[in-house]
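New to this one? Here's a quick briefing to read with the sequence and the 3D view side by side.

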Amino acid sequence: MTPTPNRTQTSPEAGASTPPGTPVDAAPAAPAAGRGTADAAPTPAEPSASGAAAATAGNSGHAAPGSADTAAYASAAPGASGAAAPASAAPGAARAAAPATGNSRDTASAAPAAPSGAEAAGPVGGDPTAAPGGTVPPVSSASGGADGLWGRLAVVEERVRRAVAGRRAGDPDPGDPYRGQYLAPEAVARLLDEPGGLDVPPHEPWEPPAGSVLGRLARRFGLSPLDLDLLLVALAPDIDARFERLYGYLNDDLTRRRPTVGLALELCGPAGAIAARFRLAPGAPLVAGGLVEVREPERPPLSRVVTVPDRVTAHLLGQDRPDARLAGVLDAVHPDPTADPADVRRAAAAAGTGIGLVHLRSRGGDAAGLAVAALRTAGPHPLALDAAALARRPADVPELVRLVALEARLTGAAVVLGPLQALPGEPAERARAVRAVCAALRGIPLITHGSIGWDPEWAADTPVTLAVPAPSPERQAARWRHALERAATQDADSPGRRLTADDVPDLAEAVAAHRLDARQVGRAADVAVRTAAAAGRPVGPDDLRAAVRAQNGAGLDRLARRVEPGVGWDDLVLPPATHRRLRELALRARHREQVLGQWGMRPGGGRGRGVIALFAGESGTGKTMSAEVVAADLGMDLYVVDLSTVVDKYVGETEKNLERIFTEASAVNAVLLFDEADAIFGKRSEVKDAHDRHANIESAYLLQRMESFDGIAVLTTNLRANLDEAFTRRLDVVADFPVPDAGQRLALWERCLGGRLPRAADLDLAFCADRFELAGGSIRACAVTAAYFAAESGAPLTMHTLVTAIAQEYRKLGRLVLEGEFGPYLQAAVGA
């Protein structure tokens, strides 16, 4: 049999093989012939100074942590030194008085051994946590009571020392190079005849110091003193690398450098080993809470390895940075500075009762900001869990929420989850995700938020549900002020970031029609400030409008055509009555939160806060352009619904497409335009066959959906009479677009031709406005055609060229070219 190369170490001078991990700082017995290592060690009650001097200079051995180490652990504190340790620091500390001569500590961090015959530089064994030079690394003051941790680790060290001494005392041949690879008959007899176990005292009840890291851990996880000792036994190799070799020696297998379940129980006292083994069962606080992990399930229970996750080790050492695996899952959420104090107190009280499960249903308010403000008022630090990040990683949800639960319990935090509507849309997947979160976080204050209600199927417990209403205009202006000031403080010296208190109301008024949550407000404010800074000017309304439009998602782009407004009120030529209707539509959109929400002028369940208008008139009278002007006034984009993406020949598909459009439109700040709306908003008819019945179902769906719509929609039609009367009742604004009169046509000719197109002296626009009864769209078409002709000729626009373009438009419209209309220009019109 070939020996394992790293299972033994041989003294080059004595030629003996020493089992790795065998301590040499205890008094050895007389060495056997040819061996330079001790076969036995005295018990801790029988220290021998002469035995320490008997070790020859240059001997290399794996030493158990000495009593001076025990004292160093017990006295470890920020800036402490292992050189001064009270004798009463831990059991067996009195043995620290005997200095070691020529004994090299085989540890990962000890100073090199002194030359032969020289005394070691420090107390017996040195400090296991010491860097070269013998100084204990300082423990962060953030550990909050790390002295209790080091003191209890000293007890664990003493138990390991006694266990190693006991194992050596009962081993007749500790220098056997094949030790652990076979069982001799004598060893089998000892296993059958002797009780076994380690020579450690029974476990004694103790309590961690009040306010220490161990005390907080015991309170948050429901740990007993035995649980804490088991945790520290598993933690020791992460604190001091020597314990890896020592545990390998006690496991009789140097490849197993972590404590097994059986070893951990024995080190905590043999009297409780049998009953205490269930403290490491899957449902026990240590394992269920994630403080320890029991690995190698294929082995017998007592042979499985016990480890401590790195995050737990870091927390015990004073580091509270969240687990790196939670990067991208934990979100940064600021408290709402404008939240109503009464709402904050109510949410905080709900989180502090019972199981602490609360659901904040947003009605346009900042539910996430209210949740964070409530938790900070109640005391726990909030951990914000991004529901959208969980939706992107559905397979990792159980592991991620387990890590979040561990983080929350370690730091005493509460959890905020939302928005729930960002979770997977399928009911089964959404229920699975929420159920996993609630199960893992049971017993931890959990506040969920979103615009959807709570489904009882999501969890065994039912939360306290609180509504979060939309903010008043004053609170919304205050929210913008805080967001702009926060963004401006990033670079106060930049000229684009100057902001005064008088600027905020005007900026807030510019985006009053937008429905934004706190996160969108913060992002928009940051973009607006940086945009203005790049231009070297203060933030203006246009900067804020552009930044707000940038917050719209791309979901509606797949269902409608996006139009970025490029016209304003001055570009419209309309009768005064129509102009007033358009202004009314804009003011309804701007003040709907105050009128419909704060004042409650549209009572009743299930009714939305949308604004719907109808533009009726002949083709070319300016309906689409008017919708664009209203969108520009509100600082929004215009989305024109493409009927080809809506109408489907299969029954029920049209309604599904419309539902997707309405849902996406409610989530973005935009004006939705249904051009030629009579195609889908037509009258219901008498049912004569299945086609009529399904057509009526479509109309009925639209009637219901308009009631609950929260956005801004404009319907345009050339045939108002074709719309169902029930639709008309649900309209907020109806604007009629008549054919323009002569004065309006003259203004349209002037605007359409513009000021950059060269004009000849004979151009008579008054004649065109008086003779040709054309709508605005047709006038624009004539102007564009005439401009092309002028460009081709390379000369200014003449009356002959313009009349030719008008004649072509007449033929396109199917109208006759009459002398009564064209007069002296008839010949040019006929030859066109």
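What follows is a short tour, from the overall picture down to a few single residues.

Keep in mind that this is a predicted model. The protein has 832 residues, and 47% of them are buried. Its secondary structure comes to 31 helices and 18 strands. If you take the contacts between residues at least 6 apart in sequence, 74% of them join residues at least 24 apart.

**The largest nonpolar core**

- The largest nonpolar core holds 48 residues, and those with the most contacts inside it are Val160, Tyr247, Leu250, Leu267, Leu291 and Leu316.
- Seen by helix, at least two residues of this core come from each of α3 (146-169), α5 (213-221), α6 (225-239), α7 (242-250), α8 (261-267), α11 (310-316) and α15 (397-411).
- The largest share belongs to α6, which puts in 10 residues.
- Want one residue to click on? Try Leu291: leaving aside neighbours within four places in sequence, its contacts include Leu217, Phe221, Leu223 and Leu231.
- Further along the chain, Leu291 is also in contact with Thr307, Val308, Pro309 and Val312, and with Leu406 and Leu410, among others.

**Leu441, a buried loop residue**

- Leu441 sits in the loop between α16 and β11 (446-450).
- Is Leu441 buried or exposed? Its relative accessibility is 3%, so it counts as buried, the cut-off being under 20%.
- Not counting residues up to four places away in sequence, Leu441 touches Val401, Val404, Ala405, Val415 and Leu446.
- Leu441 and Leu406 are 35 residues apart in sequence, yet their C-alpha atoms are 9.0 Å apart in space.

**Asp240, between two core helices**

- You'll find Asp240 in the loop between α6 and α7, and both of those helices supply residues to the largest nonpolar core.
- Asp240 has a relative accessible area of 2%, which means it is buried.
- The side chain of Asp240 makes a polar contact of 2.5 Å with the side chain of Arg242.

**Cavities**

- There are 4 cavities of 30 Å³ or more.
- The second largest cavity encloses about 70 Å³ of space.
- Which residues line the second largest cavity? They are Asp336, Ala339, Asp340, Asp343, Asp366, Leu370, Val468, Pro469 and Arg475.
- Sorted by type, that lining has 4 nonpolar residues, 5 charged ones and no polar ones.

**Backbone spots to look at**

- As a bit of background, most residues other than glycine have a negative phi, and most peptide bonds are trans.
- Asp252 has a positive phi, near 60°, and lies in the loop between α7 and α8.
- With 32% relative accessibility, Asp252 counts as partly exposed, because that value falls between the 20% and 50% cut-offs.
- Glu676 also has a positive phi, near 55°, and its place is in the loop between β16 (670-674) and α24 (690-708).
- Glu676 counts as partly exposed too, with a relative accessibility of 35%.
- Where is the cis peptide bond? It joins Gly418 and Pro419, with omega at about -10°.
- Pro419 belongs to the loop between β10 (413-418) and α16 (427-440).

How values were computed
Residues numbered from 1 in each chain as written. Predicted model: local features only at pLDDT ≥ 70, side-chain atom pairs only at ≥ 80, totals over all residues. Heavy atoms only, no water. Core = buried A, V, L, I, M, F, W, Y, C linked by side-chain atoms within 4.5 Å. Buried < 20%, exposed > 50% of the residue type's maximum accessible area, 1.4 Å probe, protein only. Helix = DSSP H or I, 4+ residues; strand = E, 2+ residues; numbered from the N terminus. Contact = heavy atoms within 4.5 Å. 1 Å grid on protein atoms, 1.4 Å probe; cavity = no way out; pocket = protein on both sides within 12 Å on 5 of 7 lines; lining within 4 Å. Points joined across faces, edges and corners; volume = space filled by probe spheres on them. Nonpolar A, V, L, I, M, F, W, Y, C, P; charged D, E, K, R; others polar. Polar contact = N/O pair within 3.5 Å; in protein donor to acceptor, adjacent residues only side chain to side chain.
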